[in-house]
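Open the model in your viewer and keep the sequence panel beside it. This tour moves from one selection to the next.

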Amino acid sequence: MADRDKNWDFYLRTLSASARDSTSPASDPSLLESVKKLCELCKAEKSDDLVARIYSSINKLFQRSVASLSQSRSSHGLLLLAILQFFLDFGESVLHDADPSLRTFFRSCLSRDFADPVIAEATIKFLIVNKKKLQTSFPTVLPQFFPLLLKLIAWNGEKLEKSFLKIFPALVAPGSFLALFPAIADLPVLVVALEKVEKSSGTLVGNSIASIKNSTAPEMLLALMDEAYTGSTIAGGEGDSESEDSNTIDVADPAFLDLLKDENDFITERHWTSPAIAAALQAATSGVQSDRLKQSLKIAPRLLDVYFAIALRDVNDSLICALIPMLMLRHAAIFPDKIFSYEVRKRLLEFMLASFQRSPDFISLLKKPIVDRLGEAYDSQEKTELALQLCWAIGEHGGGGESHKDAARELFESLELLLYENLSSSRLGLRQGTTSTGSEKAGQSRLLCFVITAIAKLATYHRELLPRGRVSLAKVVRSRLSDARVWTRARDCLGLLNEPAICMSVLGSSRHPRGEKYPGTVNWSDGGTKMIAHVPFYILAGQAGPPFHDFAFSDILPNR
C-alpha cells in the first residue's frame, strides 16, 4: 500500500512539474510513462476520487502537447494516445467529452505523423482496443477521418494491413459509404501522390501535407504537381515561359487536393476526366513501381472485398442504388495495372450482379445509367464486358420485374438498338471507317449472344414484348451473320419463343414477383447436382432441316 502511494505521488509530481515547464512535453520521455502508470493505478483502484485528482493535470498536458506540435520536430503521438486512452476510460467520471480531443488528435497529430511507422502502429492498436466504444459513443469520428486512415495504410503497407482490416468496418457509415469506394479504388493513385510529395518536400514524418499546400512557396508546389501528373520536372526559373504555362497545374487543381485530403468532405466524384490524372497514371505505370505501390495494388482489392461484404449485409438499398452508377463509371477508370484492374473490375461486376439479385427493381430505377452504358458497349473492351453483364442482368430479372413494364420496354428498345446496329454491317464488329482485331470481334460476338438472350428473356417475362422479340431475332436469323455463334443463338432462342410450353421453363426468370415458382421453371442453382440436357431445339420447334448445333440450357447463364 505504501509503495503504491509512493508511486502515485511520484507520477503525479512528474505531471505537475511538467505543467510548469516551458519545454515541449515530447522532450520528456518520463511523461508518457507517468500517464500510463496513473491510468493503470486508476483502473486498479476503481476510485473516482483518484481520477478527479489527476484529470486536471492530464488535460493541461494534452492541451500543451497539441499547442507545441507546430514548434516541435519530435512526435507527440504516443503521449497523446495515452492521454486519449485516459479520456475514453474515465471521461464519464469527470464529465469530459472525448470527441473534440479525438478530432484534435487526428487533425493536429496524425495528419503530421501518419508516415511514422511507430505512430501508425500505435494508432491502429489504439483504435482496435477502443473500437466498440468509438462506434457506440463517437460513431462519426472514424468515418469522418477515413481519408487520413487510408493514407496511413497506403504509406505503411502490408505490415499493418491485418490490423487495419479489424478497424476498417468502423469506417463504413451512411455519411462515408459512397465517398469511401473511390478512395479505396484510388489507393495506388494516393501512393503515387504521397511519394511525389516526399520526393519534392522531404520526409512526410512531422510535416503536414496541408501546410505544404498552403506554404509561401507556391512555385515548389507547382513543380511538385507537374512532376506528379506529367512526369516532367520544372527547372527553377529556367526555360521558355510558354512551355512552363502549358506544363504547370493550377495550385487549386481539384484532382490533387482531393487525393491528399484528411477528412471526408462527402464529395464522391473523382476527377478521372482530368488530363492531369491521365498524365499522372501514365507516368506512374511507365517507370519502375515502388514496393509501396506494389503493396497498395494488393491491399486495395482486399479492402474492396470487405467493403462490398459490409454493403450487402448492412447498408440500406438507397445507398447501394446510389453506389451502382458510380461502379459503372469507375469500371473503365481504374489504375492501369493489368492484374490490379482485373481484380477490381471483377469485384465491381460481382457486386453489381449480387445487388441486382437482391433487389431486381434496381434495374428499373437505374434505367438511365444502364442505357447509357449499353450505348458505350463498343468504346473499349472494358465497356463491352460491363454492357455484357448488364444485358444478362436485364434479361435474368425481367427488366426490373413484373411491375416495371415501362422500364422493361425502354430497356428492350435499347437492346434492340444495340442489335440492329450490327445488322447493318456485312461483317460482325466492323463499322464504317474502322477495323477490328480478332479479340474485339470475339468480344462483340459474345456481347451480341447475351443481347439476343436478354431480348428473348424480356419477351418471355413481359408477354406484350413477345411479337417484337420474335421480329428482332428473325432479322438476325435472316441476316446470316458471318459469326455462326450469334446466328445460331438467335435461331435457338427464336425456336424457344415459338414454343410457349417450354419457353418459360428455359428463359423465364427464376424469381416470381410473389415469391412463388413458375410452373416448370428450371432452378439453375441446382446445376451442380442435376444433369442439364443438351437439346437440339429444331426438334422441339418441329422444324425440318439439317441438325442445328446442340444448345445447352446452361449457355443462357452468365459467363462469369
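Select leucine 388 to begin. With a relative accessibility of 1%, leucine 388 counts as buried, because the cut-off for that label is under 20%. Bear in mind throughout that this is a predicted model.

Leucine 388 is part of helix H23. Which residues is leucine 388 in contact with, leaving aside its neighbours within four places in sequence? Show Arg446, Leu447 and Phe450, which are those partners. Now add leucine 448, which is 60 residues away from leucine 388 along the chain. Draw a distance between the two C-alpha atoms, and the viewer should give 8.2 Å.

**The helix pair H20 and H23**

Next, select residues 381–396, which form helix H23, together with residues 338–358, which form helix H20. Two packed helices are described by the angle between their axes and by the distance between those axes. For H20 and H23 the angle is about 15° and the axes lie 10 Å apart. Angles under 35 degrees count as roughly parallel, so H20 and H23 are roughly parallel to each other. The crossing of H20 past H23 is right-handed.

Display the side chains where the two helices meet. On the H20 side, pick Arg345, Leu349, Met352, Leu353 and Phe356. On the H23 side, pick Glu382, Glu385, Leu386, Gln389, Leu390, Trp392 and Ala393. Coloured by type, the residues of this contact between H20 and H23 split into eight nonpolar, one polar and three charged.

**The helix pair H5 and H6**

Move to residues 98–113, helix H5, and residues 117–129, helix H6. Are H5 and H6 roughly parallel or roughly antiparallel? Their packing angle is about 155°, with 11 Å between the axes. Since angles over 145 degrees count as roughly antiparallel, that is the label for H5 and H6. H5 passes H6 in a left-handed crossing.

To view the contact, select Leu102, Phe105, Phe106, Leu110 and Asp113 in H5, then Ile119, Thr123, Phe126 and Leu127 in H6. Seven of the residues in this contact of H5 with H6 are nonpolar, one is polar and one is charged.

**The whole protein**

Finally, clear the selection and zoom out. The protein has 29 helices and two strands. Of its 560 residues, 52% are buried. Turn on the surface: about 25500 Å² is exposed, and carbon and sulfur atoms supply 53% of that. Among contacts between residues at least 6 apart in sequence, 75% join residues at least 24 apart.

Notes:
Residues are numbered from 1 along each chain as its sequence is written. This is a predicted model: local features need pLDDT of at least 70, side-chain atom pairs count only at pLDDT 80 or more; totals for chains, interfaces and linings use all residues. Side-chain values use heavy atoms; hydrogens and water are left out. Axes are lines fitted to C-alpha atoms, for helices over the stretch in contact, and angles run from 0 to 180 degrees between N-to-C directions. Helices (H or I, at least four residues) and strands (E, at least two) are DSSP runs, numbered from the N terminus. Angles under 35 degrees count as roughly parallel, over 145 as roughly antiparallel, 65 to 115 as roughly perpendicular and the rest as oblique. A crossing is left-handed if the near helix is turned anticlockwise from the far one by less than a right angle, and right-handed if clockwise. Contact means heavy atoms within 4.5 Å. Ala, Val, Leu, Ile, Met, Phe, Trp, Tyr, Cys and Pro count as nonpolar, Asp, Glu, Lys and Arg as charged, and the others, Gly among them, as polar. Buried means under 20% relative accessible area, exposed over 50%, partly exposed in between (1.4 Å probe, protein chains only). Accessible areas come from the Shrake-Rupley method with a 1.4 Å probe; for residues, only the protein chains shown count as cover.
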